[in-house]
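Trainee: Pick one small part of this model and give me a close look at it, please. Then follow whatever leads on from there, and keep it informal.

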Amino acid sequence: MKKSTMKKVLALLLVTMMLFSLAACGTDKQANNDENALVIDTKILKEADDKMLNTYSAIAVNSDAPFVDADGNAVADVYVNTAGADALVQWLLSEEALKMAGEYGVAEYGEYLFYVLDGAPVYAGEITPATEDTKTIRLSTTTSVKDSGLLGYLLPAFEDAYGYTVEVQSAGTGKAIAAAKAGNADLILVHSKSQEEAFVNDGFGRVVSGFDAQRVSFIYNYFVLCGPSADPAKVAEAESVLDAFAAIAEGEYTFISRGDGSGTHNAEVKLWSENIGITAEPESFAEYTDWYISANQGMGKCIAMADEKGAYVFTDKATFLTAEKNYSEFLAGLDK
């Protein structure tokens, strides 16, 4: 064999060996990544109770509302993008968006994360595209629809079709509503009926063209009571969610509360026994701080805290299933 031919053969063998080695390293790295992926120990222990229904509503902000800051002082010169808010509310209630919301997560999680509310109005009219003056829409919303991935799934379709950019501010419902009251939102998407009705009654909501009321409820899911797989309070064996909460309190098992005035927080405090007396007010649980932790955090961070501490937590099912599916990725997304 000629020397030149021999050199080519050796070179080819060397390249082949290098490619094989790199592929093997890549496989080992992937295996190591899989082995090191975090697995959540927190599990759904109680669900499908009538007291755990969770309904979401959209409300467009009234540009003539009596805007106030956190201290109750009047805020002047507020600009509300009414055209953009109208377009987003109308699209959210379109057949396209309702179908997308109802199908979200089914293929990935094997069950429904959100359901379309029976009797929800369906908008079939024209939706006005964005202009230079109306293209930015400020949406103040709850962490549940953000941490569950629903908004990340829905909004790109709206933005691509009509040219808008939706700036999402997520917090608990109470804080989301407060932002709108201060003039920092064009519409809200929240899930606390009493707070929504107060928002409307105080003059902050308005009727969007094509609808009959300021408050437009259109999707829902369920809250779930989660806890460590060991379930020391025997929550999974309780007859009802009320019995489950009573068992947690009686045994003084660690419980992570949102503590942020959110829709989830408001729903949670209604489930404690009247004898316990836990409300949204800090003084109501002052004697229970050894086991009742008021986190003042969003839903995703409360789930992470509960898993770290082996505690119980009340959450919407969509956000929990998102965490359970890929916990490492979920944790990474909480800081974005």
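Mentor: Let's start in the loop between β1 (42-46) and β2 (53-61), where Ala48 sits. Keep in mind that this is a predicted model. Ala48 isn't a glycine, yet its phi is positive, at about 60 degrees. Is this residue buried or exposed? Ala48 is exposed, because its relative accessible area is 64%, and the cut-off for that label is over 50%.

Asp231 makes a good counterpart. Its phi is positive too, near 45 degrees, and again the residue is something other than glycine. Asp231 is also in a loop, this one running between β8 (216-228) and α9 (241-251). The surroundings are another matter: Asp231 has a relative accessibility of 7%, so it counts as buried, the limit being under 20%.

Now back to β2, the strand at the far end of the Ala48 loop. β2 is one of the elements that the buried residues of helix α7 pack against. The others are β4 (136-142), β5 (165-171), β6 (187-190), α8 (193-201) and α10. Which residues of α7 are buried? In this helix, residues 173-181, they are Thr173, Ala176, Ile177, Ala179 and Ala180. Looking down the axis of α7, you find these buried residues within an arc of 155 degrees, so they line one face of the helix. The general rule behind such a pattern is that an α-helix has 3.6 residues a turn, so residues three or four places apart point the same way. After α7 comes Gly183, with a positive phi near 85 degrees.

From α7's partners, follow α10, which spans residues 263-269 and contains His265. His265 counts as buried because its relative accessible area is just 3%. Setting aside neighbours within four places in sequence, His265 is in contact with Ser257, Arg258, Gly259, Asp260, Ala280 and Tyr292. Asp260 deserves a second look: its backbone nitrogen is 3.4 Å from a polar atom of the His265 side chain.

For the wider setting, the protein has 13 helices and eleven strands. Of its 336 residues, 46% are buried, a share that takes in His265 and Asp231. Among contacts with a separation of 6 or more, 77% are between residues 24 or more positions apart. The exposed surface comes to about 16800 Å², with carbon and sulfur atoms supplying 51% of it.

Technical notes. Residues numbered from 1 in each chain as written. Predicted model: local features only at pLDDT ≥ 70, side-chain atom pairs only at ≥ 80, totals over all residues. Heavy atoms only, no water. Helix = DSSP H or I, 4+ residues; strand = E, 2+ residues; numbered from the N terminus. Buried < 20%, exposed > 50% of the residue type's maximum accessible area, 1.4 Å probe, protein only. Contact = heavy atoms within 4.5 Å. Areas by Shrake-Rupley, 256 points an atom, 1.4 Å probe, with all protein chains shown as cover. Polar contact = N/O pair within 3.5 Å; in protein donor to acceptor, adjacent residues only side chain to side chain. Arc of directions from axis to C-beta.
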